[in-house]
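Subject: Structure for your review

Dear colleague,

Please find below the structure that I am handing over to you. My notes on what was found in it follow directly after.

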Amino acid sequence: MPDPYFQTLFAERIGGANYGKGTEIYKFEKIKRAKRKALAEHPERKLIDFGIGENDEMAEESVRRAMAAEIDRPENRGYADNGIFEFKEAVARFMQRNFEVKLDPATEVNHAIGSKPALAMLPAAFINPGDVTLMTVPGYPVAGTHTRYYGGSVYRLPLLPENDFFPDLDSIPDDVRRQAKLLVLNYPNSPTGRTATLEFYGRVVEFARENNVVVVQDAAHVMLSYDRPPLSFLQVPGGREVGVEVHSLSKGFNMIGWRLGWVCGNARIVQAFADIKDNTDSGQFIAIQKAGIAALDDEGIPRRTKEKYQRRLTKLVEMLRQSGFDCRMPGGTYFLYTPAPKGVEGGPDFATAEDASQFLITEHSICTVPWDDAGASLRFSVTYEAADEAAEDALMLETRRRLEGIRLRF
Ligand SMILES: Cc1ncc(COP(=O)(O)O)c(C=O)c1O
């Protein structure tokens, strides 16, 4: 097929004139292909899917009912712009109740159509060509991608077990510190499962002040905290002076597809975010914001979501340990991140986590997500579908049976 006349017009940020011609296959596409292969070659073998990074349940019935009522109200029909005040007030109540963080809903909160677009827009408020965003890896790459779109670059801070999955801020060279404008953090951390501590956040505030850096803390998984009560960056003295926190109703409230979240914290940064957002979208459907209020005001929803994923992770850790994996209960999120096996007794070696993951899918129909950014690791998600606890147990038993048959080397 000849190139379209506009082939040379594509922007460099997406590949320029070569856009659409690459042969590189991305991680999640490789996983999809391996799943298809496993199903085609072994239709009798059930695929055990620990690869999905999305909640497995619908939003709570009370939230769906609130939505059904709001959808019929004519006053909800129009552009929501930067969001309804009632939603901001519900966020303020939520932040006060869970973190004892007192926010002014008028100036310190702004909704977003999920936390992903918020993370995509925040670099627009700060990044000029040549600026640097400091980001932890492995991690959610969206703020880094948009930093590059604006002509900035990303300095990667590896999250390693020897640093307890905290970034080594002292290791950042002086020239990088001078160019850095944003420090993007994510705790509870996806995929490592590490939760933040007040001491760590205190060090972050100090670092931000010393180096004139703005902190963006991605709290998408905050209500899934197991080893300590959920912690907000805004709880730490000085947090509100140096940054914002991005929250989401996706994970803790089973509202992934509803697309609702918010940015809160420093009023001037929230204002800048709201300005960028106002020039980007017209706000989330007001009926969804009102259903979001019903969710935020119901403490039982995140509690039940947390209990379920904590129970499933406990079972997963026990089963994997019995199968030779060296893993511990994660502090938060619905992910378990654990060193990838190095090969199979008398069988293939795995040079990377991706090799290990491909082997487990194609040969044994066990799907995981590999991470090779900071040591070879596999991510197991407990968002698989299982009707009840007996079904969870049966899934663990079947996974253990398959893993025992493999004789993995670590
Ligand atoms: C760490 C992290 N941040 C943000 C998001 C985006 O969540 P949402 O846009 O659904 O709020 C995700 C989703 O997977 C995530 O894992």
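I begin with Pro167, which touches Thr136, Leu157, Pro158, Leu159, Leu185, Tyr187 and Phe200, leaving aside residues up to four places away in sequence. Please bear in mind throughout that this is a predicted model. Pro167 sits in the loop that runs between β4 (153-158) and α6 (174-179). With a relative accessibility of 8%, Pro167 counts as buried, because buried means under 20%.

Pro167 may also be set against Arg407: the two are 240 residues apart in sequence, and their C-alpha atoms are 34 Å apart in space. Arg407 belongs to the loop between α13 (389-404) and β14 (408-409). Its relative accessible area is 55%, so Arg407 is exposed.

Backbone geometry

Arg407 is also notable for its backbone, since its phi is positive, at about 60°, although Arg407 is not a glycine. As general background, most residues other than glycine have a negative phi, and most peptide bonds are trans. Asp81 is a further case: its phi is near 45°, a positive value in a residue other than glycine. Asp81 is placed in the loop between α2 and α3 (85-99), and at 41% relative accessibility Asp81 counts as partly exposed.

Two cis peptide bonds should be mentioned as well. The bond from Val137 to Pro138 is cis, with omega near 0°, and Pro138 is in the loop between β3 (132-137) and α5 (142-149). The bond from Tyr187 to Pro188 is likewise cis, with omega near -10°. Pro188 is found in the loop between β5 (180-186) and α7 (198-211). Tyr187, on the other side of that bond, is one of the residues that Pro167 touches.

Helix α2, helix α10 and the loop after α2

How do helix α2 and helix α10 pack? Helix α2 (residues 61-71) and helix α10 (residues 286-296) meet at an angle of about 150°, and their axes are 8 Å apart. An angle over 145 degrees counts as roughly antiparallel, which is therefore the relation of α2 to α10. The crossing of α2 past α10 is right-handed. On the α2 side, the contact is formed by Val63, Ala66, Met67, Glu70 and Ile71; on the α10 side, by Ala287, Ile288, Lys290, Ala291, Ala294 and Ala295. These residues divide into 9 nonpolar, no polar and 2 charged.

Ile84 lies in the loop between α2 and α3, the loop that also holds Asp81. Is Ile84 buried or exposed? With a relative accessible area of 13%, Ile84 is buried. Not counting residues up to four places away in sequence, Ile84 touches Ile286, Gln289, Lys290 and Ile293. Lys290 is also one of the α10 residues that meet α2. Ile84 and Tyr26 are 58 residues apart in sequence, and the distance between their C-alpha atoms is 39 Å.

Helix α11 and helix α13

Helix α11 (residues 300-322) packs with α13 at an angle of about 20°, with the two axes 10 Å apart. Angles under 35 degrees count as roughly parallel, so α11 is roughly parallel to α13. Here too the crossing is right-handed. From α11, the residues in contact are Arg311, Arg312, Lys315, Leu316, Met319, Leu320 and Gln322; they meet Glu389, Glu392, Asp393, Met396, Thr399, Arg400 and Leu403 in α13. This contact divides into 5 nonpolar, 2 polar and 7 charged residues.

Histidine and cysteine residues

His364 is part of helix α12 (residues 353-364). At a relative accessible area of 18%, His364 is buried, because the cut-off is under 20%. Setting aside residues up to four places away in sequence, His364 touches Arg45, Phe359, Arg402 and Ile406.

How many disulfides does a search of the whole structure find? The search finds 0. Cys367 is accordingly in no disulfide, and the nearest cysteine sulfur, that of Cys327, is 17 Å away. Cys367 is buried, with a relative accessible area of 1%. Cys264 also counts as buried, at 0% relative accessibility.

With kind regards

How values were computed: Residues are numbered from 1 along each chain as its sequence is written. This is a predicted model: local features need pLDDT of at least 70, side-chain atom pairs count only at pLDDT 80 or more; totals for chains, interfaces and linings use all residues. Side-chain values use heavy atoms; hydrogens and water are left out. A disulfide is a pair of cysteine sulfur atoms within 2.5 Å. Buried means under 20% relative accessible area, exposed over 50%, partly exposed in between (1.4 Å probe, protein chains only). Axes are lines fitted to C-alpha atoms, for helices over the stretch in contact, and angles run from 0 to 180 degrees between N-to-C directions. Helices (H or I, at least four residues) and strands (E, at least two) are DSSP runs, numbered from the N terminus. Angles under 35 degrees count as roughly parallel, over 145 as roughly antiparallel, 65 to 115 as roughly perpendicular and the rest as oblique. A crossing is left-handed if the near helix is turned anticlockwise from the far one by less than a right angle, and right-handed if clockwise. Contact means heavy atoms within 4.5 Å. Ala, Val, Leu, Ile, Met, Phe, Trp, Tyr, Cys and Pro count as nonpolar, Asp, Glu, Lys and Arg as charged, and the others, Gly among them, as polar.
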